[in-house]
Amino acid sequence: MSINAFLNTISNSARILPIVILYVTEGCNLKCITCSYRDALPGELSLQEIIELAGQLHDFGLKHIVYSGGEPLLRRDFKDICGIFKQHGVKQSLLTNGLLLEKRFNDIFEYFHEIIVSIDGANAETHNRIRGISSFDRILKGISKAVKNKKGRPVVSIRTVIQKNNFRELPGLIDLAKSNGADRISFLSADVASNAFGREINGAAPDETDISLSAVEVEKFREIVNNVIIKYSGDFYSGFISESPQKLLKLVDYYGALRGMNEFPKIFCNAPMVSAVITSTGNIHPCFFIESYGSIRKTDLEALINTDEIKQVRKDVRNFMHPRCKTCVCTMNISKKNALFSRF
Ligand code: SF4
Ligand code: SF4
């Protein structure tokens, strides 16, 4: 039981930081059209700095570390990083593009509760076009290795960012996840309203119409989602499809809102109350999308996590007042009960 985590959910001060998303590198070996992370940034956190960070996070009640990036498996000392957090006894999850999964799985699988692999198309052509590099077959080999591992394995999930180039493949993606032995699949819409995930190319935002749906496509997408809700009802019920039918329909509403067809879906999120995102160079953010409130290189975590600035962000998010939340595609909502019982 965690009274402190519960108190986090009802106030603007953080007593503990149970979930941290750590970008171990912002370098990537794919070239997705939705993102411009390519090369690692100069001055990434060293292993020694991560050891110190892990100690501070442990003191602040860390329960779950999620590795993201960039592509975490590109970092050569990634296994060492996992080992550091293992010593602190925290749950570990990996967000990966899967390109190096087959090669590195044996080295790292023992650390993970869940490995989440991004796949952006139900076939090689769509996936490779979106991801910018021929990678579909290698990623499926990685998933196959993971799900067939005889020494026990983490939960293996597929995650797809649904957008203009793949929304018609929603049913095919569910079938693909099943036929490749994944444990579940989840869907997000593409973030076209911010420069999170490095969506800024040469200082200019890319054309969102390459990614977002036209009004006609929104209507088609709604029809596809409604059919999926009927055809795959058992998969919603079993949790194989992570989202509820209502949440899947919110993806349609998000793209509809971008075309002025409806309001943006109402969000319920408490990411800044229970988590933080730390980038590969040590900047700390309330979530993927809101600006940094400091650097763990310059200031101790203890002094950082309850500044007036971050407390104001928490207040704005709680009151549905933060402008960034209104168009958000990726929310987190840890209920008071889950916080109390430390379910992170
Ligand atoms: S979306 Fe992920 S896999 Fe694609 S370029 Fe960006 S970091 Fe790499
Ligand atoms: S709704 Fe989105 S932008 Fe707002 S706090 Fe949550 S994750 Fe951040």
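**Close-up 1. Glycine 70 sits in the loop between strand S2 (64-68) and helix H3 (78-87).** Welcome to this predicted model. The peptide bond to look for here runs from glycine 69 to glycine 70, and it is cis. Its omega angle is near 15°.

**Close-up 2. The whole chain, for orientation.** Let us step back for a moment before the next details. The chain has 14 helices and nine strands. Along the principal axes, its C-alpha atoms fill a box of roughly 50 × 45 × 45 Å. A compact globule of 344 residues would have a radius of gyration near 20 Å, and the chain, with 19 Å, agrees with that. Buried residues account for 44% of the 344 residues. Among contacts between residues at least 6 apart in sequence, 73% join residues that are at least 24 apart.

**Close-up 3. The surroundings of ligand 1 are made up of 11 residues.** Those that come nearest are Cys28, Leu30, Cys32, Cys35 and Asn97. Sorted by class, the shell around ligand 1 holds six nonpolar, four polar and one charged residues.

**Close-up 4. The surroundings of ligand 2 are made up of 14 residues.** Here the nearest are Cys269, Cys287, Phe289, Cys325 and Cys328. By class, the shell around ligand 2 divides into 11 nonpolar, two polar and one charged residues.

**Close-up 5. Helix H4 (residues 101-108) meets helix H6 (residues 136-148).** The axes of the two helices come within 8 Å and cross at roughly 25°. Angles under 35 degrees count as roughly parallel, so H4 is roughly parallel to H6. On the H4 side, the residues that take part are Leu101, Glu102 and Phe105. They meet Arg138, Ile139, Lys141, Gly142, Lys145 and Ala146 in H6. By class, this contact has four nonpolar, one polar and four charged residues.

**Close-up 6. Isoleucine 19 lies in strand S1 (residues 19-23).** Is isoleucine 19 buried or exposed? With 22 C-beta neighbours inside 10 Å, isoleucine 19 counts as buried, because the cut-off for a buried residue is 20 or more. Leaving aside neighbours within four places in sequence, isoleucine 19 is in contact with Lys63, His64, Val274, Ser275 and Phe344. Asparagine 8 is 11 residues away along the chain, and its C-alpha atom is separated from that of isoleucine 19 by 12 Å.

**Close-up 7. Serine 275 lies in strand S7 (residues 275-278).** This is a good place to continue from the previous view, since serine 275 is one of the contacts of isoleucine 19. Serine 275 has 23 C-beta neighbours inside 10 Å and therefore counts as buried. Which residues is serine 275 in contact with, leaving aside its neighbours within four places in sequence? They are Leu17, Ile19, Val20, Ile21 and Met332. From serine 275 to cysteine 287 there are 12 residues in sequence and 7.3 Å in space, C-alpha to C-alpha. Cysteine 287 is also one of the residues that come nearest to ligand 2.

**Close-up 8. The loop between helix H13 (308-318) and H14 holds phenylalanine 320.** Phi of phenylalanine 320 is near 60°, a positive value in a residue other than glycine. Phenylalanine 320 is exposed, with 12 other C-beta atoms within 10 Å. Proline 323 lies in the loop between H13 and H14 too. With 8 C-beta neighbours inside 10 Å, proline 323 counts as exposed. The C-alpha atom of proline 323 is separated by 40 Å from that of asparagine 180, which lies 143 residues apart from it along the chain.

**Close-up 9. Helix H14 (residues 336-340) includes lysine 337.** Lysine 337 has 10 other C-beta atoms within 10 Å, so lysine 337 is exposed. Between the C-alpha atoms of lysine 337 and aspartate 191, 146 residues apart along the chain, the separation is 30 Å. Serine 342 follows in the segment after H14. Its phi is near 60°, a positive value in a residue other than glycine. Serine 342 counts as partly exposed, with 16 C-beta neighbours inside 10 Å.

Notes:
Residues numbered from 1 in each chain as written. Chains lettered and ligands numbered in written order. Predicted model: local features only at pLDDT ≥ 70, side-chain atom pairs only at ≥ 80, totals over all residues. Near = placed C-beta within 6 Å. Nonpolar A, V, L, I, M, F, W, Y, C, P; charged D, E, K, R; others polar. Helix = DSSP H or I, 4+ residues; strand = E, 2+ residues; numbered from the N terminus. Rg over C-alpha atoms; globule rule 2.2 N^0.38 Å. Contact = placed C-beta atoms within 7 Å. Axes fitted to C-alpha atoms, helices over the stretch in contact; angles between N-to-C directions. Parallel < 35°, antiparallel > 145°, perpendicular 65-115°, else oblique.
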